[in-house]
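The following paragraphs lead through a single structure, beginning with its overall architecture and moving on to the contacts between its side chains. Please keep the sequence and the coordinates at hand while reading.

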Amino acid sequence: MASSADVHVRICEQEIIKYDLEIKALVQDVSECTGPQSKLTDFNSQVKEQFCNLRQRIQDLEQMEKEQDKEFDKVTLLNKAEGHRKQMLSNQTAWRKANLACKLSIDKLEKEDLLNSEDMSIRHRKMTKESLAQTSSGITESLMSIGRMMAQQVQQSEETMSTLAMSSRTVQETNEEFKAMTGTIQLGRKLIIKYNRRELTDKLLIFLALALFLATVLYILKKRLFPFF
């Protein structure tokens with residue numbers, strides 16, 4: 001075998017080994033894939049590409065075997081090509097098994113997700129109904145509370161009107177009493193004027209008028225402050 005041919009054979013075998021290792025790594029990725037389906041599809045596309053490269057390099061090696069002059073070299077390359085082809089077939093079998101396992105796993109996860117989604121939807125509807133019931137109860141309670149507050153306001157308004165009416169009567173009665181007191185004061189003034197020449201009498205009358213005035217004021221205040229006594 002010529003030296004340049006040996007170099008080509010070694011390069012071809014190195015590339016075959018490289019593609020074989022890359023395929024094994026991708027098959028492992030496929031077996032561990034849990035989805036989504038697009039990810040599995042991407043892995044499979046890469047595996048197909050590497051299988052195509054590997055197949056081409058094995059064919060190249062088989063072609064080099066035919067170009068050998070020595071029978072020993074032909075048998076050696078033929079055996080290597082057969083070994084690589086068997087390894088390729090083994091990788092294809094592992095790839096199919098990994099794909100099957102991955103698809104079953106994805107289907108299982110999708111079914112679980114669907115069931116969980118339906119369960120979540122049921123729980124959501126249940127929670128929505130409960131929330132609506134609570135909201136309705138809260139609104140009813142709020143309306144009842146507003147009704148009670150309005151009733152209290154009406155009662156307070158009635159009490160205020162009653163108090164105002166009583167106050168109005170009290171003011172009117174006080175006005176009448178002050179009118180009477182004014183008449184008493186005017187009478188005292190007339191008496192003072194009539195007897196102004198008599199000093200002692202005047203003082204006595206003034207004292208009596210003041211006493212009468214004070215008694216009247218005290219009587220009015222007592223009546224206003226202590227109406228029950």
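Helices (H or I, at least four residues) and strands (E, at least two) are taken here as DSSP runs, numbered from the N terminus. On that basis the elements of the chain run α-α-α-α from the N terminus on, and the secondary structure comes to 4 helices and 0 strands. The model is a predicted one, in which local features need pLDDT of at least 70 and side-chain atom pairs count only at pLDDT 80 or more, whereas totals for chains, interfaces and linings use all residues. Residues are numbered from 1 along each chain as its sequence is written, and side-chain values use heavy atoms, with hydrogens and water left out.

The confidence of the model is expressed as pLDDT, the predictor's confidence in each residue, from 0 to 100. The chain averages a pLDDT of 80, and 70% of the residues score at least 70. Confidence is highest in helix H2 (residues 37-66), with a mean of 93, and lowest in helix H3 (residues 71-194), with a mean of 76.

Helix H2 is a useful place to begin. It has 30 residues and reaches 44 Å from its first C-alpha to its last, close to the expected 44 Å, where the expected span of a helix is 1.5 Å times one less than its number of residues. Ahead of this helix, in the loop between helix H1 (3-32) and H2, is the place of proline 36, and a cis peptide bond with omega of about 0° joins glycine 35 to proline 36.

Burial is described by relative accessible area, with buried meaning under 20%, exposed over 50% and partly exposed in between (1.4 Å probe, protein chains only). Of the 229 residues of the chain, 20% count as buried. In H2 the buried residues include Leu40, Phe43, Val47, Phe51, Leu54, Ile58 and Leu61, and also polar or charged ones, among them Asn44, Gln50, Arg57 and Glu65.

One of these, phenylalanine 51, takes part in the 1 aromatic pair that the structure holds. Rings of Phe, Tyr and Trp (its six-membered ring) pair if their centres lie within 6.5 Å, and planes under 30 degrees apart count as stacked, over 60 as edge-to-face and the rest as tilted. The rings of phenylalanine 51 and tryptophan 95 have their centres 5.6 Å apart and their planes at 40°, so the pair is tilted. Because phenylalanine 51 lies in helix H2 and tryptophan 95 in helix H3, the pair ties together parts that are 44 residues apart in sequence. Phenylalanine 51 counts as buried at 3% relative accessibility, and tryptophan 95 likewise counts as buried, at 15%.

How many salt bridges does a search of the whole structure find? The search finds 5, a salt bridge being a side-chain nitrogen of Lys or Arg within 4 Å of a carboxyl oxygen of Asp or Glu. In one of them, glutamate 13 pairs with lysine 80, the closest N and O atoms being 3.2 Å apart. This pair links distant parts of the chain, with glutamate 13 in helix H1 and lysine 80 in helix H3, 67 residues apart. Glutamate 13 is buried, at a relative accessible area of 14%, while lysine 80 counts as partly exposed at 33%.

Arginine 57 forms a salt bridge with glutamate 15, the closest N and O atoms being 2.6 Å apart, and here helix H2, which holds arginine 57, is linked to helix H1, which holds glutamate 15, across 42 residues. Arginine 57 is buried, with a relative accessible area of 18%, and glutamate 15 counts as partly exposed at 26%. Aspartate 60 also forms a salt bridge with arginine 57, with 2.4 Å between the closest N and O atoms; these two residues both lie in helix H2, 3 residues apart, about one turn of the helix. Glu15, Arg57 and Asp60 are thus linked in a network of salt bridges.

The cysteines deserve a separate look. A disulfide is a covalent bond between the sulfur atoms of two cysteines, and the criterion applied is a pair of cysteine sulfur atoms within 2.5 Å. A search of the whole structure finds 0 disulfides. For cysteine 102, the closest cysteine sulfur is in cysteine 33 and lies 3.9 Å away, too far for a bond. Cysteine 102 counts as buried at 1% relative accessibility, and cysteine 12 is buried with a relative accessible area of 0%.

Finally, UniProt, in an unreviewed entry, places the feature "transmembrane region" at residues 204-221; UniProt positions are given in the numbering used here, feature names are shortened, and annotations may be inferred rather than shown by experiment. In the model, the span of residues 204-221 is 100% helix and 0% strand, and its end C-alpha atoms lie 25 Å apart.
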